[in-house]
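Colleague: I would like a close look at one residue in this chain. Start with its surroundings, then show how that part fits into the rest.

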Amino acid sequence: MNDENEMFYARHDGVEGLLQRGRGLGAIRALQDPAKSAGFVHDAIRRDWRWHATDDRALYLARLVQELGLSLSPIPGWLAADEEACLRACEVLQLLALIGVEEAREGLRAYVRQGRHWRRVLESVASCWPTEWWEDLGPLARARISEGGEPPWCVEPWIRFGIKVPGRTRVPRASLDQLGTAELLGLLADVRGPEETKCEALRALLGRQPTEELIPLVPLSGPPDGHRVPALIARAVDRLGAAAVPAAKVWVQDGRPWLVQLGAQVLAEHPGPEALPGLVQELAGQWAAHTWCGPDRTARRLARFGPDAAAAAPYLRRFWLHTPHSYERAAYLRALAAIDPHGLDYALTESLWDCEEHARLLAVVSAPAGPEALARIAILSDDPAETAEVRAAARTRLRQQPGNA
């Protein structure tokens, strides 16, 4: 077992290393030898093997505990550790409860009654569980809140319990969802319109199909002297894809820093043919340096070149196999599918067991329709702990199979 103060990932092709990275193959091999894998699974709950905060492990580990038939006994004990370890154990237990493990639900409810980090745990389960599983804890929460400590900051479940949340008294903003797309675009075009109204118009547009009519309004929608691209504008423009490239070439010549930055981002995401050799070289350099954060962006840009980027395929495969940064794996699979899909069927099938939602979504849609894959997709389609997006995609895939129309 690794030293407590240092993180050394085990080999990428062994069960321990696969589980540390959240790879689907790790779950498959663990299921083949539960006794040998139990210690690795428990270690992956007790210690945080995520490379970055965007990485996910909780559902992956909860499924392994349940599917391997592992004892829950060590996990509630880790709730008593520091706050980070407590919340890691909490996330696994709350998902096990959704899967149907009653012991996990009762363990967390008992912790709320006596545990040190009970507020964070209660907030976590309230965001995940049905209301009837935790709303009876209101009297206990009102009694414990008087024990002192920092006030709660999460709105739920405190407002339901009648407990004041500091700094959260606010007037609900008016929604513009009832307006038509043309009306929303008109609000963005109004040069004298308040910034708050334009933000609400952008929020409403983000819930609809992208429209190229937004492009000429982008310079009118941001702050006149801002230095950072407003997040809502960045998201709206990103959804437009290559359609924003001609305008971006103008934006980079603008005097406003945020618009120059936005234009540069668009052009970087949609490079021309002259950029291909440099992007392949960039990916090769990232591999040589074992740069685990950022190659997904390079992969997405390379994917736009399709088979012309074949020189990048070996590096993409290496990143997919080795990276501990699980959030980036789906980007490597998508790039390989566009550039060189040879041999990708097994990787897609394996990804049905992956720790990352994006990887599972891609696998549900694209994995070959073998018996193993379809059986796993059927499980995902009806898993109460799975995300709504994956469940919906799995049900759609199953309906599309011959004989299921």
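Which residue has its backbone nitrogen 3.0 Å from a polar atom of the side chain of Thr-323?

Modeller: It is His-325. The backbone nitrogen of His-325 sits 3.0 Å from a polar atom in the Thr-323 side chain. For a polar contact, N or O atoms must pair within 3.5 Å, one able to donate a hydrogen and the other to accept it.

First, some ground rules. This is a predicted model, where local features need pLDDT of at least 70, side-chain atom pairs need pLDDT 80 or more, and totals for chains, interfaces and linings use all residues. Numbering runs from 1 along each chain, and side-chain values use heavy atoms, without hydrogens or water.

Now place the residue. Thr-323 lies in the loop between α18 and α19. It counts as buried (under 20% relative accessible area, 1.4 Å probe). Thr-323 earns that label because its relative accessible area is 0%.

Who touches it? Leaving out residues up to four places away in sequence, Thr-323 is in contact with Arg-21, Trp-292, Arg-318, Arg-329 and Tyr-332. Contact means heavy atoms within 4.5 Å. Two of these partners, Arg-329 and Tyr-332, are themselves buried, and both belong to α19.

So follow the chain into α19. The helix spans residues 329-339. Most of α19 is covered, with 8 of its 11 residues buried. Next to Arg-329 and Tyr-332, the buried list holds Ala-330, Ala-331, Leu-333, Ala-335, Leu-336 and Ile-339. Several helices help to cover them, including α1 (15-21), α17, α18 (313-322), α20 (344-350) and α21 (357-366).

α19 also has a part in the largest pocket. A pocket is an open set of points on a 1 Å grid, with protein on both sides within 12 Å along at least five of seven lines; a lining residue has an atom within 4 Å of a point. There are 23 residues in the lining of the largest pocket. At least two of them come from α19, and at least two from each of α13 (231-240), α15 (257-269) and α17 (295-303). The largest share belongs to α17, which supplies 5 residues. Nearest the centre of the pocket are Asp-238, Glu-269, Arg-297, Arg-300 and Arg-304.

There are closed spaces as well. In a cavity, a 1.4 Å probe fits but cannot get out. Lining the largest cavity are Leu-202, Leu-205, Leu-206, Gln-209, Pro-210, Thr-211, Leu-214, Ala-236, Arg-239 and Leu-240. Two elements give two or more residues to that lining: α11 (195-206) and α13. That is the α13 that also helps to line the largest pocket.

The second largest cavity is lined by Ala-27, Tyr-60, Arg-63, Leu-64, Glu-67, Trp-353, Asp-354 and Arg-376. Its biggest contributor is α4 (residues 58-67), with 4 residues.

Finally, step back to the full chain. It has 23 helices (DSSP runs of H or I, at least four residues) and 0 strands (E, at least two). Its C-alpha atoms fill a box of roughly 60 × 55 × 50 Å along the principal axes. Of its 405 residues, 47% count as buried, and Thr-323 is one of the buried residues. Among contacts with a separation of 6 or more, 64% join residues 24 or more positions apart.

How values were computed: Buried means under 20% relative accessible area, exposed over 50%, partly exposed in between (1.4 Å probe, protein chains only).
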